[in-house]
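User: I am new to this structure and would like a close look at a single part of it. Please take your time and connect that part to its surroundings.

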Amino acid sequence: MSQTMPPPVFDPFAPGFTDDPYPQYAALRDGAPAGRHPLGFWLLTQYEDVSGLLRAGMSVEDRNITDRQLIELREQLYGEELARPRGISMLDRDPPDHTRLRRLVSKAFTPRAVEALRPRITAMVDEMLDAAEGQGRVDLVDALAFPLPFAVIAEMLGTPPADHERIRQLSGTVVRSLEPVNDPDMAAAITAADAELTQIAAEMIAWKRANPAGDLLTALINAEDDGDVLDDDELIAQTLLLYIAGHETTVNLIAGGTLALLRHPDQLALLRENPGLIPNAVEELLRYDSPVQATRRVTLEPVTFSGVTIPAGAFVMALLGSANRDESYWGPDAAEVRLDRENARQHVSFGAGPHHCLGASLARMETSIALARLTTRFPGLALDGEVTWNGRINLRGPARLPVSLGPDQ
C-alpha cells in the first residue's frame with residue numbers, strides 16, 4: 001500500500017477554506033495530487049484522475065469499504081448503528097439496483113420533458129424578479145436562487161402544499177451528511193432531520209396516492225419497469241433525493257454563477273453584448289465554481305492514479321472543484337472565468353459515468369433562464385454588501401448574496 005500522502009495535507013477545516021478552497025486545491029495538485037489521507041480515505045485532485053475515477057464504474061456502496069481505520073472512525077463519530085450503510089436512494093446504489101431505480105425516475109428528466117418546462121420556469125423567474133424589482137435591493141439567494149429550483153422541483157413532483165421553510169431547514173441539515181467529517185452533535189442532528197423528512201415524504205406520498213395527477217410523484221408511485229415497482233422505502237428515498245438534489249445544488253449554481261459574473265464585470269459585459277453565449281456561460285460557471293465540490297467512490301479492485309496505487313475496498317474522495325481548475329487540463333487561465341471557453345462543457349461538476357447527474361439538463365435550463373432574465377432586465381445589477389458563504393465543504397455556495405438591482409432602484 002502506498003504511503004500516506006506527503007504535505008500539503010487536505011484540511012477542509014482550515015480557517016477560510018469554505019469561503020475559498022481553491023488555493024488549497026492548487027497546493028494539493030502541485031504537491032500531493034493523489035494519496036491516502038491521514039484519516040484513512042484516499043484523495044484525487046487532478047482532472048484526468050478524477051474523470052478517470054468517475055468513468056471507471058466503481059462502487060458507491062459503503063458496505064464495500066474494507067479499510068478498518070475508516071470504518072472505526074465512522075463508528076466513533078456516528079455510533080455503530082449509524083455508521084452502517086442505509087442509503088437506498090439511487091445515489092447510494094450500484095447496479096443492478098441503481099440501473100433499475102434510475103430507469104424508473106429518468107423519464108421525467110429527458111431533454112424533451114425538461115424543455116417542456118421552459119415556459120413555466122420563465123414565468124416563475126419573471127414573477128420573482130418582479131417582486132425583487134419592487135424592493136430594489138435584495139438577497140439574491142432568498143429572492144431567486146433558492147425559491148426557483150425549490151418551486152420547480154415541488155411543481156414537477158406535484159407535492160401537496162407544504163411548509164417550505166421547514167423543508168429548507170431540514171434538507172440543509174441532511175446534506176451535511178455529504179461533508180467529509182461531521183462532529184457527533186451534527187451526526188445526531190442529521191439523523192433527526194432525516195427522520196423528519198422521511199415522515200414528511202411518507203405523508204406526501206400518502207396524499208398523492210389519494211390525489212393522483214399528471215406529475216412525477218404519481219408517475220413514481222405507478223412506475224413499473226418489467227414488473228419492477230418501487231417499494232415504500234425506495235419510493236420515499238427517491239422522492240427525498242429528487243427534492244433535496246433538485247434544489248440544494250442549483251441554488252449554489254445560480255447564486256455562485258451570479259457572483260462570479262459580478263466579480264468579473266468584463267465577462268458580464270460580454271454576456272450582455274452576446275446573449276447567445278448563455279449556454280456556454282452556464283458551463284463555464286459550473287466549471288469555475290462547482291456547486292458540488294467532491295464526490296466519492298469505493299474501489300472494488302486495486303487502481304493506480306498519478307503513480308499511486310489505491311487498494312481494493314478503499315474510500316476515494318474525488319475533488320471535482322479541484323479538477324475543474326487543473327491548469328494541466330484547462331491551461332494557465334484555469335482560475336479565470338472565460339465565458340467563451342471552448343471546452344467548458346468538459347467540466348466534471350455533474351459527475352460522469354453511470355452516476356452522471358440525472359437533473360443536469362434541468363439545472364442548466366433553470367440557470368440559463370435565471371441568468372439571462374436577471375442580467376438583461378437589470379443593467380445596473382451590482383454587489384451591495386458582504387457575501388456570506390454557507391460554510392459547507394461539499395455543497396458549497398453563497399448563503400447570502402446582497403445585490404442592488406440598479407442605480408435608480
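In strand E7, which residue is the bridge partner of Ala294?

Analyst: In E7, the bridge partner of Ala294 is Leu319. Before following that pairing further, please keep in mind that this is a predicted model, and that what follows describes the model as it stands.

The strand in question, E7, covers residues 315-319. Its partner here is strand E4, residues 294-298, and E4 and E7 pair in the antiparallel sense over five bridges. E7 also has a second partner, strand E2 (residues 42-44), which is joined to E7 by three bridges, and in this case the strands run parallel. Within that parallel pairing, Leu43 has Met317 of E7 as its bridge partner. Leu319 is thus a residue of E7 bridged to Ala294, while Met317 is bridged to Leu43.

The side chains of E7 can be followed in two sets: Phe315, Met317 and Leu319 point one way from the strand, whereas Val316 and Ala318 point the other way, and all of them are buried. Since buried here means under 20% relative accessible area, and five of the five residues of E7 meet that description, the strand is largely enclosed by the rest of the structure.

To place this strand in its setting, it helps to look at the chain as a whole. The protein chain has 17 helices and 11 strands, and 53% of its 409 residues count as buried. Its radius of gyration is 21 Å, which agrees with the value near 22 Å that a compact globule of 409 residues would have. Along its principal axes, the C-alpha trace spans about 65 × 55 × 40 Å. Of the contacts between residues at least 6 apart in sequence, 74% join residues at least 24 apart. The chain exposes about 17,400 Å², of which carbon and sulfur atoms supply 53%.

Other strands give a further example of pairing. An open sheet of three strands has the order E3-E11-E8, with antiparallel pairing. Its edge strands are E3 (137-139) and E8 (382-383), each of which pairs on one side only. E3 is joined to E11 (residues 402-404) over three bridges in the antiparallel sense, and Asp139 stands opposite Pro402 in E11.

Among the helices, H9 (residues 164-174) has Ile167, Leu170, Ser171, Gly172 and Val174 as buried residues. What covers these buried residues includes helix H8 (147-157), helix H10 (184-210) and helix H12 (232-263). H10 has buried residues of its own, namely Ala187, Ile190, Ala193, Asp194, Leu197, Ala201, Met204, Ile205 and Lys208. The 27 residues of H10 should span 39 Å at 1.5 Å a residue, and its end C-alpha atoms are 40 Å apart, which agrees.

Gly172 also leads to a loop residue, Arg392, which touches Thr18, Gly172, Val175, Arg176, Glu179 and Glu248, not counting residues up to four places away in sequence. Arg392 is found in the loop between strand E9 (388-389) and strand E10 (398-400), and at 9% relative accessibility it counts as buried. With the side chain of Glu248, the side chain of Arg392 makes a polar contact at 3.0 Å.

To return to the part you asked about, E7 is paired with E4 in the antiparallel sense and with E2 in parallel, and five of its five residues are buried.

Definitions and conventions: Residues numbered from 1 in each chain as written. Predicted model: local features only at pLDDT ≥ 70, side-chain atom pairs only at ≥ 80, totals over all residues. Heavy atoms only, no water. Buried < 20%, exposed > 50% of the residue type's maximum accessible area, 1.4 Å probe, protein only. Helix = DSSP H or I, 4+ residues; strand = E, 2+ residues; numbered from the N terminus. Contact = heavy atoms within 4.5 Å. Pairing = 2+ DSSP bridges. Polar contact = N/O pair within 3.5 Å; in protein donor to acceptor, adjacent residues only side chain to side chain. Rg over C-alpha atoms; globule rule 2.2 N^0.38 Å. Areas by Shrake-Rupley, 256 points an atom, 1.4 Å probe, with all protein chains shown as cover. Expected span 1.5 Å × (residues − 1).
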